[in-house]
Amino acid sequence: MRPVTFPITDATPDMGFKCGIVGLPNVGKSTLFNALTQTAAAQAANYPFCTIEPNVGEVAVPEPRLAKIAALAGSKEIIPARMNFVDIAGLVRGASKGEGLGNQFLATIREVDAIAYVLRCFDDDDVTHVEGRIDPLADLETVETELMLADLESLEKRQAPLEKKANAGDKDAKAALRLIGVALAQLEQGRPARFADISADDRKEWRKLQLLTSKPVLFIANVDESAAASGNAHSATVAARAAEEGAPSVVISAKIESELAMLDAGERAEFLETLGLDEPGLDRLIHAGYGLLDLQTYFTAGPKETRAWTIRRGWTAPRAAGVIHGDFEKGFIRAETIAFDDFVALGGEQPAKDAGKMRAEGKEYVVKDGDVLHFRFNV
């Protein structure tokens, strides 16, 4: 049976999400991308636009519960959930008008689910800065200004045709114009569209506007090795800005992540300990991304494999089943579920079932993080 995957939206299931790594040239984007994906797919070089085509890397989502479930289920294979990173060519001032690789940048960023702003928080005379200074918040303003200008241009182009349709009585055009007005009100004040207050009823139409600045964001403060554990003055300004927006921020040393990518598991743990770090930057970044998009994990387990699946918090059992295959959702009968803690404490599926900890749940059941599920369906 071939798994079916879907783009992530509020209306459709997915097995992960796509995060665009965005920033000015030479802030460490490609170095971080290479480290996170443990590949050399993105050329990290000390000059602008070395990343000419968007690079997509798929990484495993760190999930310590998987091994525990697999051991009890006697699984031959462990399959983690996956997350995609997209390394996007460095943006420069004027990108909204096509400067540098602006057009490619803007087209690619429309396809991601969330934006990770990589901000340079390290001093290094050997790595040039495209604007000749180290100021992460100024870098952020440059990038966001270009995205806002691109959104403004896009909305203004759509206004006139929609006004004609609205004047002719087209209800959809009237709805679109109203939301365009909401977006323009934000952008003209120099605020990204994500700050607009959009009702639940309007969210579907709001997404159709495909605004670059309406995407959720997280901030990555790229520091040098000495600041990896506690950050520095530059990263503190990034954290404060993120807190103002209610957005997550992560301190990462791309150089350290590059070194970690070359080590085996044992060496990696020892290296992290010497640096005063509990986990790699990748783990912290993924945890921040999960929180940003309100994602959670459920598991399936058996002799063949134990597997993690990513869903939105609040999804019902049929929608969660659809992540595995569309037929599971269409023909959903029930979900047999065991909470992770019960599965582990009681020693696996059969002991949990014998103890009355396996529950049969119907279509209205809201899946909990850590549920070990088996779906019954008929197509």
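This passage describes a sheet, the helices that lie against it, and three individual residues in a predicted model.

The sheet is open and is built from six strands, which follow one another in the order S2-S4-S1-S5-S6-S7, with mixed pairing. Strand S2, covering residues 55-60, and strand S7, covering residues 249-252, stand at the edges of this arrangement, and because each of them has a single partner strand, one side of each is left without a neighbour in the sheet. From one strand to the next, the twist averages 25°. At the S7 edge, the pairing can be followed in detail: strand S6, which spans residues 217-222, runs parallel to S7 and is joined to it by four bridges. Within this pair, alanine 221 has valine 251, a residue of S7, as its bridge partner.

Two helices can be placed relative to the sheet. Helix H4, made up of residues 136-167, packs on the sheet and touches S1, S5 and S6, while its direction makes about 140° with that of S5. Helix H1, formed by residues 29-37, lies across strand S1 (18-22), S2, strand S4 (82-87), strand S5 (114-120), S6 and S7, and it runs at about 40° to S2.

The loop between S1 and H1 contains asparagine 26, whose phi is near 65°, a positive value in a residue other than glycine. Asparagine 26 has a relative accessible area of 12%, and since a residue is called buried when this value is under 20%, asparagine 26 is counted as buried. A positive phi is also found at glutamine 210, where the angle is about 55° although the residue is not a glycine. Glutamine 210 is placed in the loop that lies between helix H6 (203-208) and S6.

Glutamate 245 belongs to helix H7, which comprises residues 233-245. With a relative accessibility of 19%, glutamate 245 counts as buried, the limit for this class being under 20%. When its neighbours within four places in sequence are left aside, glutamate 245 is in contact with Glu144, Arg194, Phe195, Val217 and Phe219. For arginine 194, the relation can be described further, as the side chain of glutamate 245 makes a polar contact with the side chain of this arginine at 2.9 Å. Two other residues in the set of contacts can be related to elements already described, since Glu144 falls within the range of helix H4, residues 136-167, and Val217 falls within that of strand S6, residues 217-222.

How values were computed
Residues numbered from 1 in each chain as written. Predicted model: local features only at pLDDT ≥ 70, side-chain atom pairs only at ≥ 80, totals over all residues. Heavy atoms only, no water. Pairing = 2+ DSSP bridges. Axes fitted to C-alpha atoms, helices over the stretch in contact; angles between N-to-C directions. Contact = heavy atoms within 4.5 Å. Buried < 20%, exposed > 50% of the residue type's maximum accessible area, 1.4 Å probe, protein only. Polar contact = N/O pair within 3.5 Å; in protein donor to acceptor, adjacent residues only side chain to side chain.
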